[in-house]
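Student: I'd like a close look at just one part of this protein. Could you pick a helix and walk me through it slowly?

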Amino acid sequence: MKHLVWRTWKVKVLRELRVRSSGAVDALLYFFRIPPTLPAEAKVTDGLIYVAELLMARAGRMAKWVTRLSGRKVVLFCHSEGFIPEFADGFTAIVRYRNAWHLRRLLRALPRPWLIHGFAPKSHYPDVARRAMPDVPYVHDLQDTLVVYYGTAPTKRWLRVELPHEKACMAEADGVIAHSLEPAEGFRRYAIPHDKRPPTLFFPLYCDDDRFISGVPKISGTEIHLVYAGGVAGSHRDPRYFGNIQFFGLIDTLTKQGLHLHIYPSPTTLEADRAEYVELARKNERFHYHAPVPQEKLAGELARYHFGLIPFFVERSDQSPEKLKYATALKLFNFIESGLPVVVSKDLGFQSWMAARSAAGVAVGPDDLTGLAALLRTFDTGQVSVGRGDLSLKANVPRLLEFYDRVSERSRNDQRV
């Protein structure tokens, strides 16, 4: 256990040292106006700039359809420590920055973009970009709203550092994109009055039309196989924060009923968090731990199983009930892309509503897990009809493009006043 804790902290400490040491150098280079190296393909005139610290899968999915439907080029600026190659499709160019001063230097070397779209969490580097180019319209994109996790006075130091940036972006952006109902709760917790809130677009994560799957043979005709795709945490992590992605008890509960559970960890999962699951899969023939799968292949892989699983419950961590109630996750839409019915927690109010509205599924409480096998055997998967068309990016990105236009026009009008 101690060696796993040490490995996790070692990764974090080394990352912080790289950021701080390079930041001192880039601050001097910025002060003396020494230009950075910038790829020629990134110097897009009147293009879109996407800025992220940790590259989220949703960014590339959105960028691909934005370019396909509008012709506008999208350049990604992502922190080197948070760059995930598996999520990097869909961009005209990718520029990796190493610290805040390096990001400022890179942005200063750009032609003036049409609009900046910042992806959170986290909000620090998107806020840096927003402040570095104050005359460029800025849209803040929220999937997870951090203040909803633990309130305005969290105990974790990194959250206390992060929240001012999140609040500033939510209060001062030219527009906000809400992938779930969390930002509405975030506005309330930050006490941002209704008349001071930026225009907001409700834009769930949606499905990528290119990844709709059907007709894939199932892995078994006699045994039920469930699949989870997303973050996992080892037992060395603090359960107050990671309890919902520490799956050891769940694995035992499900496999004892004769159910198979497959886990596909997110590509962002640290090696220290994977080790225990790899060992457990060797000992338990009904638990299967797989290597991460890129987004473009994930739906086809998931389609081999019988049910998707989203087993997050209020009682399993110290996250606020509102966080689970209002949150969303891309895994729900990955399951819909693959045509799978979803077993989803009742505590995930928004996601269970989306599953019921858009795809056949089963909402369960924590006490239902011990009898899940019997429940699933009565579920007629032949009656599943996944309503994917209304939840596709192709159908909904025109709303995003209209929002970009509205925000851009509003920002420019404000600058003229």
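Tutor: Let's take helix α2, and then step back to see the chain around it and its cysteines. Keep in mind that this is a predicted model. Helix α2 covers residues 57-70, which makes 14 residues. At 1.5 Å a residue, a helix like that should span 20 Å, and the C-alpha atoms at the ends of α2 are indeed 20 Å apart, so the two agree.

Now, how much of α2 is covered? Buried here means under 20% relative accessible area, and 10 of the 14 residues in α2 are buried. They are Ala57, Arg58, Ala59, Gly60, Arg61, Met62, Ala63, Lys64, Trp65 and Val66. Just after the helix comes Gly71, with a positive phi of about 85 degrees.

Zooming out, the protein chain has 16 helices and 13 strands, and buried residues make up 54% of its 417 residues. A compact globule with 417 residues would have a radius of gyration near 22 Å, and the chain has 22 Å, so that fits too. Its C-alpha trace spans about 65 × 50 × 40 Å along the principal axes.

What about the cysteines? The disulfide count comes to 0. Cys169 is in no disulfide, as the nearest cysteine sulfur, that of Cys78, is 16 Å away. Cys169 has 0% relative accessibility, so it counts as buried. Cys207 is buried as well, with a relative accessible area of 0%.

Conventions: Residues are numbered from 1 along each chain as its sequence is written. This is a predicted model: local features need pLDDT of at least 70, side-chain atom pairs count only at pLDDT 80 or more; totals for chains, interfaces and linings use all residues. Side-chain values use heavy atoms; hydrogens and water are left out. Helices (H or I, at least four residues) and strands (E, at least two) are DSSP runs, numbered from the N terminus. The expected span of a helix is 1.5 Å times one less than its number of residues. Buried means under 20% relative accessible area, exposed over 50%, partly exposed in between (1.4 Å probe, protein chains only). A disulfide is a pair of cysteine sulfur atoms within 2.5 Å. The radius of gyration is taken over C-alpha atoms; the globule rule is 2.2 Å times the number of residues to the power 0.38.
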